[in-house]
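The following note sets out points for a colleague who wishes to read this structure alongside its sequence. The points proceed from local backbone features to strands, single residues and internal spaces.

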Amino acid sequence: MLSRSELARLIDGPALDREIERLGKMGGGWINAATVLSRRINWTVDWADLGPEGSRFKVVSSRGEAVLFDDAEHASIIVKLRGREENGYGSAGFGCILTRDSHDRVAYAPGTLDQALERERLSWDALGFSCRLMDIIEEEAGLLLAQDFIEGSAPTEKEIHAYMIAHGWEWQRDSREVSPTLAHHAWRRGDVGAFDANETNFIKAAADGLIYPIDLIVWHWPQ
């Protein structure tokens, strides 16, 4: 388990400042993105001093559920920092899970740290690819995950559909059981759902031409 200050020292502070400045200069909604990125890191480490230039973790981007870092000690992985809703992770929490909304349709809910780990386990079991646990930040303030880095490009929607169907998944586009805003990118296989299955959450590897799911929401189908 890492303390907040230990995590802070691993993060390249000057690189973070440059990314926040870059986003802010783009104006518009990017200013909010810069604010969220700062909050996700600084609030998680409780404003402990970040590391100097060249520290192990260099920020790459801040996506829907996580901050992504390059790891200077392991060039073959991407590190993901997830955290609490109140620390900038909003409606995702430690990563969205599936639940039932007020209309009894399958929808998203923010997941806890334990649920985030279960989600990764489900993804390994159901899809054969996911993240591995690196460390937990003290008092469950954050979660560090490692995912193998794959060089490649985004597959087409047609390729994604072929991949999912070949692996036994059923498209939920016309399902009345799923929230209409989610159904187009929702799949089901038995008692497991795989949601947010769009082009940004898969990669087609340059090395072998295979498609890998890198950030799907995989969870037990809500009863």
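1. In which loop is Glu-139 found? Glu-139 is found in the loop between S6 and S7. The model is a predicted one, and in it Glu-139 has a positive phi of about 60 degrees, although this residue is not a glycine. With a relative accessibility of 58%, Glu-139 counts as exposed because the cut-off for that class is over 50%.

2. Asp-46 also calls for attention, being a residue other than glycine with a positive phi, here of about 55 degrees. Its position is the loop between helix H3 (29–42) and strand S1 (57–62). Asp-46 has a relative accessible area of 55% and is therefore classed as exposed.

3. A further positive phi, near 65 degrees, is taken by Gly-190 in the hairpin of S10 and S11, which has two residues between the strands. Strand S10 (residues 187–189) pairs with S11 in the antiparallel sense, over three bridges. Within this pairing, Arg-188 stands opposite Gly-193 in S11.

4. Strand S11 (residues 192–195) directs Val-192 and Ala-194 one way and Gly-193 and Phe-195 the other way. Are these residues buried or exposed? All of them are buried. S11 also runs antiparallel to strand S14 (residues 217–220), to which four bridges join S11. The bridge partner of Phe-195 in S14 is Ile-217.

5. Three strands form an open sheet in the order S8-S12-S13, with antiparallel pairing. Its edge strands, strand S8 (152–153) and strand S13 (211–213), each pair on one side only. Strand S12 (residues 202–205) is joined to S13 by three bridges, and Lys-204 stands opposite Ile-211 in S13.

6. Ile-211 appears again in the surroundings of Tyr-163, a residue of helix H5 (residues 157–166). Tyr-163 and Ile-211 are 48 residues apart in sequence, yet their C-alpha atoms are 7.4 Å apart in space. Beyond the neighbours within four places in sequence, Tyr-163 is in contact with Leu-127, Phe-202, Ile-211 and Pro-213. The relative accessible area of Tyr-163 is 12%, so this residue is buried under the cut-off of under 20%.

7. Which residue's side chain is joined to that of Arg-132 by a polar contact of 3.0 Å? The partner is Asp-148. Arg-132 has its place in strand S6 (residues 132–136) and is partly exposed, because its relative accessibility is 34%. Leaving aside neighbours within four places in sequence, its contacts comprise Ile-77, Trp-124, Leu-144, Leu-145, Ala-146 and Asp-148. Arg-132 and Gln-147 are separated by 15 residues in sequence and by 6.4 Å in space, C-alpha to C-alpha.

8. Turning to internal space, the count comes to one cavity of 30 Å³ or more. The largest cavity has a volume of about 70 Å³, and its lining includes Arg-82, Phe-129, Gln-147, Pro-213, Ile-214 and Asp-215. Helix H4 (residues 113–127) contributes the largest share of this lining, three residues. By class, the lining consists of five nonpolar, three polar and four charged residues.

9. The largest pocket has a volume of about 260 Å³. Among the residues lining this pocket are Val-60, Arg-63, Lys-80, Gln-147, Asp-148, Ile-214 and Asp-215. Strand S3 (77–83) and strand S7 (142–148) each supply at least two residues of the lining. The class count for this pocket is seven nonpolar, one polar and four charged residues. Asp-148, the polar-contact partner of Arg-132, is thus also one of the lining residues of the largest pocket.

10. How many nonpolar, polar and charged residues does the lining of the second largest pocket have? The lining has three nonpolar, two polar and four charged residues. This pocket, of about 150 Å³, is lined by Arg-63, Gly-64, Glu-65, Ala-92, Cys-96, Asp-196, Asn-201, Asp-215 and Ile-217. Arg-63 and Asp-215 line the largest pocket and are also found in the lining of the second largest pocket. Asp-215 is, in addition, one of the residues lining the largest cavity. Ile-217, for its part, is the bridge partner of Phe-195.

Definitions and conventions:
Residues numbered from 1 in each chain as written. Predicted model: local features only at pLDDT ≥ 70, side-chain atom pairs only at ≥ 80, totals over all residues. Heavy atoms only, no water. 1 Å grid on protein atoms, 1.4 Å probe; cavity = no way out; pocket = protein on both sides within 12 Å on 5 of 7 lines; lining within 4 Å. Points joined across faces, edges and corners; volume = space filled by probe spheres on them. Nonpolar A, V, L, I, M, F, W, Y, C, P; charged D, E, K, R; others polar. Buried < 20%, exposed > 50% of the residue type's maximum accessible area, 1.4 Å probe, protein only. Contact = heavy atoms within 4.5 Å. Polar contact = N/O pair within 3.5 Å; in protein donor to acceptor, adjacent residues only side chain to side chain. Pairing = 2+ DSSP bridges.
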